[in-house]
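Colleague: I should like to go through this structure with you, one feature at a time. Please give the reasoning behind each reply.

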Amino acid sequence: MKDKFKILGAEILYLLAVTVISGLATLIQTIARIYDGDYSSFIWSGSNYRYNVFFYILGVVIFVGSMIAGYTFFLKKRIRDLNQSDMILKILFPVIAAIFAVIMLAAIVCCLLIVVGISDNMRPELLFNLTTFGWPIFTLVYMTVVEIIAVKKWNG
């Protein structure tokens, strides 16, 4: 039973670190944002900004690099016994990943609100959505694949 909690604890620590790094990488992406003009509508008005390409890519590299490095150096060794555990642990593993994907979404939104504010926009929207929604989805898919590989690798 103690080993089961160690596996889940390692996953939680890993995902907590990834969530913090995703927030920091999001903040890095907004460094040197470029003013692109104002907009005004009946209710809202604000400013449009564009991402600085260098800092946007740097944020992506930091996020993805930290996920891969964290898995390689921290999580990979600790989830080896996942295949020998009960089905409940194999179900809890992606459930915890889904919970942290939602927490990551909230963290990214909070970080963007701190820098951009509620009435300003980041352009292009594709990059904004890729960071805001893509990173939590990527993390969930990545953790599911990691679990499948861990179970298959150590079974056969």
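Colleague: In which strand is the place of Gly46?

Modeller: Please bear in mind that this is a predicted model. Leaving aside neighbours within four places in sequence, Gly46 is in contact with Asp38, Tyr39, Ser119 and Asp120. The residue itself belongs to the element that covers residues 45–50, namely strand S2.

Colleague: Is Gly46 buried or exposed?

Modeller: A residue is called buried if its relative accessible area is under 20%. Gly46 has a relative accessibility of 14%, so the residue counts as buried.

Colleague: What distance separates the C-alpha atoms of Gly46 and Val146?

Modeller: Along the chain, Gly46 and Val146 are 100 residues apart. In space, the separation of their C-alpha atoms is 42 Å.

Colleague: Which residue forms a salt bridge with Asp36?

Modeller: The structure holds two salt bridges. In the one that involves Asp36, the N to O distance is 3.6 Å, and the criterion is a distance within 4 Å. Asp36 lies in strand S1 (residues 34–40) and its partner in strand S2, so the bridge ties together parts 14 residues apart in sequence. The partner is Arg50.

Colleague: What is the relative accessibility of Arg50?

Modeller: Asp36, on the other side of the bridge, is partly exposed with a relative accessible area of 42%. Arg50 also counts as partly exposed, and its value is 37%.

Colleague: How far apart are the closest N and O atoms of Arg123 and Glu125?

Modeller: Arg123 is partly exposed at 26% relative accessible area, and Glu125 is partly exposed at 46%. Their side chains form a salt bridge, in which the closest N and O atoms are separated by 2.7 Å.

Colleague: What is omega for the cis peptide bond that joins Arg123 and Pro124?

Modeller: Most peptide bonds are trans. Pro124 lies in the loop between strand S3 (121–123) and helix H4. The cis bond between Arg123 and Pro124 has an omega of about -10°.

Colleague: Near what value is phi of Ala32?

Modeller: Most residues other than glycine have a negative phi. Ala32, in the loop between helix H1 (2–29) and S1, is partly exposed at 39% relative accessibility. Its phi is positive, near 60°.

Colleague: How are the rings of Tyr71 and Tyr142 arranged?

Modeller: A search of the whole structure finds seven aromatic pairs. For Tyr71 and Tyr142, the ring centres are 6.2 Å apart and the planes stand at 85°, so the arrangement is edge-to-face.

Colleague: How many residues apart are Tyr71 and Tyr142?

Modeller: Both Tyr71 and Tyr142 are buried, and ring pairs link them into a cluster with Phe63, Trp135 and Phe138. Tyr71 is in helix H2 (residues 53–78) and Tyr142 in helix H4 (residues 125–155), so this pair links distant parts of the chain. The separation along the chain is 71 residues.

Colleague: Over the ring of which residue does the charged end of Arg33 sit?

Modeller: The cut-off for such a placement is a distance within 6 Å of the ring centre. The charged end of Arg33 sits 4.0 Å from the centre of the ring in question, which belongs to Tyr49.

Colleague: What is the area of the nonpolar surface patch that includes Val95?

Modeller: Val95 lies in helix H3 (residues 87–115) and is partly exposed, with a relative accessible area of 38%. The patch is made by Met87, Ile88, Ile91, Leu92, Val95, Ile99 and Ile103. Its area is about 620 Å².

Terms used
Residues are numbered from 1 along each chain as its sequence is written. This is a predicted model: local features need pLDDT of at least 70, side-chain atom pairs count only at pLDDT 80 or more; totals for chains, interfaces and linings use all residues. Side-chain values use heavy atoms; hydrogens and water are left out. Patches are made of residues with over 30% relative accessible area and no salt bridge: like charges are joined within 9 Å, nonpolar side chains (Val, Leu, Ile, Met, Phe, Trp, Tyr) within 5 Å. Accessible areas come from the Shrake-Rupley method with a 1.4 Å probe; for residues, only the protein chains shown count as cover. Helices (H or I, at least four residues) and strands (E, at least two) are DSSP runs, numbered from the N terminus. Buried means under 20% relative accessible area, exposed over 50%, partly exposed in between (1.4 Å probe, protein chains only). Contact means heavy atoms within 4.5 Å. Rings of Phe, Tyr and Trp (its six-membered ring) pair if their centres lie within 6.5 Å; planes under 30 degrees apart count as stacked, over 60 as edge-to-face and the rest as tilted. A charge sits over a ring if NZ of Lys or CZ of Arg is within 6 Å of the ring centre and within 35 degrees of the ring normal.
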